[in-house]
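The following explanation concerns the charged side chains of one protein model. Please consult the sequence and the coordinates while reading.

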Amino acid sequence: MAVISIKNLTFAYEGSYDNVFENTSLTLDTDWKLGLIGRNGRGKTTLLRLLMGGYSYKGSISSPVAFDYFPFEAADINKNTAEIIAEIVPDYQQWQLSCELNQMNVSEDTLERPFATLSNGERTKLLLAALFMKENNFLLIDEPTNHLDAEARRSVAEYLNRKKGFILVSHDRAFLDACIDHVLSINRATIEVQKGNYTSWQRNKEARDNFELAENKRLALEIDRLKQSVMRTEGWASKIEASKSGSGDRGYIGHCSAIMMQRAKAIEKRKERMIADKESLMYDVEYNEPLKIHSEPYFKETLIGLSDFAVRYGERQIFDNVAFSVKRGDRIALKGRNGCGKSSILKLIAGEKIDYTGVLEIGSRLKISYVPQDMSFLKGDLDDFSARSGIDETLFKTILRKLDFKRTQFEKDMADYSMGQKKKILLAKSLCERANIYIWDEPLNYIDVISRLQIEALILEYKPTMLFVEHDKAFTDGIATDSIIIG
């Protein structure tokens, strides 16, 4: 066991007025399996980059172990996978690699294939195996679950649970619970470390939030009581003045009134500090109201129907014999391995042209709100985007603020947004749209865990009709009324 020591770390990006970290001090055990959580844009990836020596900073970072970063950027993805592994671990032993791959159910035949031909799950597993083979290293794992199907997430989580000595950035609650033993949370005003998994952290957070809410109400009542007392004493003083007697009493009452006013002001300041420091688990500090969705009921019971449905890409058949229907109030999750055709179904319903056979019935005048996986088209001015999308700009920005967007982000080119911020743009657009059905394709990729909880609470409250693909098990289990297995 050894420790990684961070002392008085201060860092800001060039040209930024705000520090990402300011006089931050942490002590981390090199044996920990540490989950790193926090809102998008709070500095999770920045912290990993600082540990890797990627930026200049004030303060000190000392470590007895070397840091390695996932995902590893391969210089040439057209090389065979074995060559990529050799670039990461030049002196690796074949038996050692075989053992690592066996733990994640990866065939050794994969090593002979070009890295570019591997699925996201295969790439993730192979890179993690290679990085964990390096001696005396501490692995910094940045969002490994994006685009991984449920089976791949389970095998990667089981693999990480057998390891130690890493920091894992992930927004998947079930994934975190399966493989971490400590949580490092970057909050609005603080950074804290707790022993346990995500669920225990959430439970502790809710208990503390509830205590602070109760304390806030108590302080408000105390302030009101003191102000009422001040008003009464001032009334007594006025009566004494009117009777032109008891100047000593007037002075004493005035003194008491001043003391009570000082106490009221002190309590008010304490209340303000609590509100400033508090970061609610469910909603942003600045916005106490939850998100809303503008769903509209469809005039028929059945919105969409598929029967004897199949999709082919050229000579390759993706799936066949799919049959299901979406009725009012359904929230149907499409499940299956990566590449089985789930997204193809959503794209077809949303209006994209894909060759298929069988029957696809979409209700007449059906209003569809679609969140695609692709975000590459998000460029340019945010106001122009809302105007082109035909949505209310004020409502759009209000939703983004509730999802923890800073106002300064509104002035930037969307091309410069992080992946999480881009995904929030698409979700906020969808929440602004009046629709009969919401079709969301992996909506939570890159989205922070607190925003996930907000969206989950929103869906459970308003119960919109939905057809979606999402690999976050906790989210899917929480909102889906039914699931369809594809492939």
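The paragraphs below follow the salt bridges of this structure and then turn to a lysine without one.

The model is a predicted one. Across the whole structure, a search identifies 19 salt bridges. Several of them are described here, together with the accessibility of the residues involved.

One of these pairs joins Lys-79 to Glu-87, with a separation of 2.8 Å between the closest N and O atoms. Lys-79 has a relative accessibility of 27% and is therefore classed as partly exposed. Glu-87 is likewise partly exposed, its relative accessible area being 31%.

A further pair connects Lys-367 with Glu-296, whose closest N and O atoms lie 3.0 Å apart. Lys-367 sits in the loop between strand S13 (356–362) and strand S14 (368–371), whereas Glu-296 belongs to the loop between helix H8 (247–277) and strand S10 (302–313), so this salt bridge ties together parts that are 71 residues apart in sequence. As for accessibility, Lys-367 is partly exposed at 39%, and Glu-296 is partly exposed at 23%.

The salt bridge between Lys-397 and Glu-393 has its closest N and O atoms 3.1 Å apart. Both residues are in helix H11 (residues 393–402), and because they are four residues apart, about one helical turn separates them. Lys-397 has a relative accessibility of 17% and counts as buried; the cut-off for this class is under 20% relative accessible area. Its partner Glu-393, at 34%, counts as partly exposed.

Salt bridges also link residues into a network, as is the case for Arg-39, Lys-424 and Asp-448.

What is the nearest side chain of opposite charge to Lys-423, and how far away is it? Lys-423 is found in helix H12, which spans residues 419–432. This lysine is buried yet takes part in no salt bridge. The nearest side chain of opposite charge is that of Glu-442, at a distance of 6.9 Å. A salt bridge requires a side-chain nitrogen of Lys or Arg within 4 Å of a carboxyl oxygen of Asp or Glu, so a separation of 6.9 Å does not qualify.

The surroundings of Lys-423 complete the description. When residues up to four places away in sequence are not counted, Lys-423 touches Pro-372, Gln-373, Met-375, Asp-441, Glu-442, Pro-443, Asn-445 and Ile-447. Glu-442 is thus listed among the residues that Lys-423 touches, although Lys-423 has no salt bridge.

Conventions. Residues are numbered from 1 along each chain as its sequence is written. This is a predicted model: local features need pLDDT of at least 70, side-chain atom pairs count only at pLDDT 80 or more; totals for chains, interfaces and linings use all residues. Side-chain values use heavy atoms; hydrogens and water are left out. Buried means under 20% relative accessible area, exposed over 50%, partly exposed in between (1.4 Å probe, protein chains only). Helices (H or I, at least four residues) and strands (E, at least two) are DSSP runs, numbered from the N terminus. Lys and Arg count as positive and Asp and Glu as negative; His and the chain ends are not counted. Contact means heavy atoms within 4.5 Å.
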